[in-house]
Amino acid sequence: MAESNATPMRVIEETPAYWRAIFDYPPFNVVDADVFQALQNFLIRMETTQSLRVVVFESALPDFYLSHFDLTGKIGSIMTAVGPSGLPILMDTFVRLTKAPVVSLAKIRGCVRGVSSEFVIACDMRFASREHTKLGHPELGVGLHPGGGGTERLPHLVGRGRALEIVLSANDFDGDTAERYGYVNRSFPDAELDGFVDGLARRIGSFDRRALAAAKNLVNRVSLPPSDRLLDAFTSFGTALAWPEAQSRIRGVLERGLQRDADFEKNWPDSLGAPLETGKKGGSQS
């Protein structure tokens with residue numbers, strides 16, 4: 001077993017055919033320009049290492065898989081610079097992951113929200129801890145909408161109604177609900193997650209790379225959204241970032257502790273929105 005260090009992600013080569021990519025970016029694994037650079041560098045290795053068959057993406061932080069997009073603005077040029085696919089870096093990263101000749105498995109523990117959800121649904125398969133998963137799209141709660149493929153990929157996974165529930169509620173979904181909806185392949189008791197994913201990865205890693213890549217490509221042809229739709233959503237998201245309503249809401253959650261306070265970071269979608277008040281003054285009774 002060989003290990004190489006790369007901030008904010010390190011790679012353990014379990015075998016020549018099976019690698020583990022571990023997000024390790026304390027305190028919260030916030031997704032910023034450095035995370036995208038690490039993924040871009042790793043994609044080159046995935047695409048060019050002929051012995052590689054399967055990669056498991058996981059986290060070293062038990063409470064945070066990848067938390068969310070960096071709302072303090074540390075995103076570098078990922079919205080403007082263009083990657084090898086011809087798409088902006090943010091979109092290029094996810095598109096290349098879906099089309100890589102290597103199978104990608106997301107092993108999920110902790111919080112996975114917004115762009116982080118878009119990362120795991122760009123992976124080929126997702127497996128979650130039943131007790132320790134919070135998965136969702138809180139963008140509406142801060143005046144935005146998904147822009148990295150969430151609105152394009154989720155309906156293929158969960159159907160239109162559930163995709164709208166995930167996006168428009170801006171709420172968290174636990175491992176069991178995510179499994180029932182099709183958001184993840186399966187959820188497991190936390191103690192069983194590692195063993196299952198490791199066994200599956202080793203099994204896939206025993207197969208021929210050319211056959212794996214051909215099978216994945218055939219599934220991709222009938223299941224992936226076209227690039228122009230992804231680009232439309234990305235462009236709209238870039239516009240939304242400048243909306244005054246969004247800027248106000250983003251400032252609000254940052255002031256309350258997002259990206260600073262661990263307890264708030266774990267549960268912040270709970271504070272978004274407000275329930276409808278019923279039975280108060282001005283109402284009528286019958």
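**Entry 1: the second largest cavity**

I began with helix H1, which gives the most to the lining of the second largest cavity, with three residues. The model I am looking at is predicted. Helix H1 spans 33-48, and together with helix H2 (89-99) it belongs to the elements that each supply at least two residues of this lining. I wrote down the lining of the second largest cavity: Leu39, Phe42, Leu43, Phe57, Thr93, Leu97 and Phe119. By class I get six nonpolar, one polar and no charged residues. The space inside comes to about 30 Å³.

**Entry 2: the largest cavity**

Next I searched the whole structure and found two cavities of 30 Å³ or more. The largest cavity has a volume of about 180 Å³. I noted that 16 residues line the largest cavity, and that Phe69, Gly114, Val115, Glu139 and Phe237 are the closest to its centre. Its lining divides into nine nonpolar, four polar and three charged residues.

**Entry 3: pockets**

Then I turned to the open spaces. I find about 400 Å³ in the largest pocket. Of its 19 lining residues, Cys123, Asp124, Val219, Asn220 and Ser223 sit closest to the centre. Helix H3 (115-122), strand E7 (125-136), helix H4 (150-158) and helix H8 (209-223) are the elements that give two or more residues to this lining. Which element has the largest share of the lining of the largest pocket? I got H8, with six residues. Sorted by class, the lining of the largest pocket has eleven nonpolar, four polar and four charged residues.

The second largest pocket holds about 190 Å³. I count 14 residues in its lining, with Pro27, Val30, Asp70, Lys74 and Gln259 the closest to the centre. Seven nonpolar, three polar and four charged residues make up the lining of this second largest pocket.

**Entry 4: cysteines**

Cys123 had come up beside the largest pocket, and I wanted to know about its sulfur. How many disulfides does the structure hold? I found zero. Cys111 is in no disulfide, and the nearest cysteine sulfur is that of Cys123, 17 Å away. Seen from the other end, the closest cysteine sulfur to that of Cys123 is in Cys111, and 17 Å is too far for a bond, given a cut-off of 2.5 Å. I also checked burial: Cys111 has a relative accessible area of 4% and is buried, and Cys123 counts as buried at 4% too.

**Entry 5: a chain of charges**

My last look-up was salt bridges, and the count comes to 16. I followed one run of them.

- Arg20 and Glu58 meet through their side chains at 2.9 Å, N to O. Arg20 lies in strand E3 (residues 18-23) and Glu58 in strand E4 (residues 54-59), so this pair ties together parts that are 38 residues apart in sequence. Arg20 is buried at 18%, and Glu58 is buried at 8%.
- Glu58 also meets Lys107 in a salt bridge, at 3.4 Å, N to O. Lys107 is in strand E6 (residues 103-113), which puts the partners 49 residues apart. Lys107 has a relative accessible area of 7%, so I list it as buried.
- Lys107 forms a salt bridge with Asp194, with the closest N and O atoms 3.0 Å apart. Asp194 lies in helix H7 (residues 190-205), 87 residues from Lys107. Is Asp194 buried or partly exposed? At 36% relative accessibility, Asp194 counts as partly exposed.

I closed by tracing the network: Glu14, Arg20, Glu58, Lys107, Arg109, Asp190, Asp194, Asp198 and Arg202 are linked by salt bridges.

How values were computed. Residues numbered from 1 in each chain as written. Predicted model: local features only at pLDDT ≥ 70, side-chain atom pairs only at ≥ 80, totals over all residues. Heavy atoms only, no water. 1 Å grid on protein atoms, 1.4 Å probe; cavity = no way out; pocket = protein on both sides within 12 Å on 5 of 7 lines; lining within 4 Å. Points joined across faces, edges and corners; volume = space filled by probe spheres on them. Nonpolar A, V, L, I, M, F, W, Y, C, P; charged D, E, K, R; others polar. Helix = DSSP H or I, 4+ residues; strand = E, 2+ residues; numbered from the N terminus. Buried < 20%, exposed > 50% of the residue type's maximum accessible area, 1.4 Å probe, protein only. Salt bridge = Lys/Arg side-chain N within 4 Å of Asp/Glu carboxyl O.
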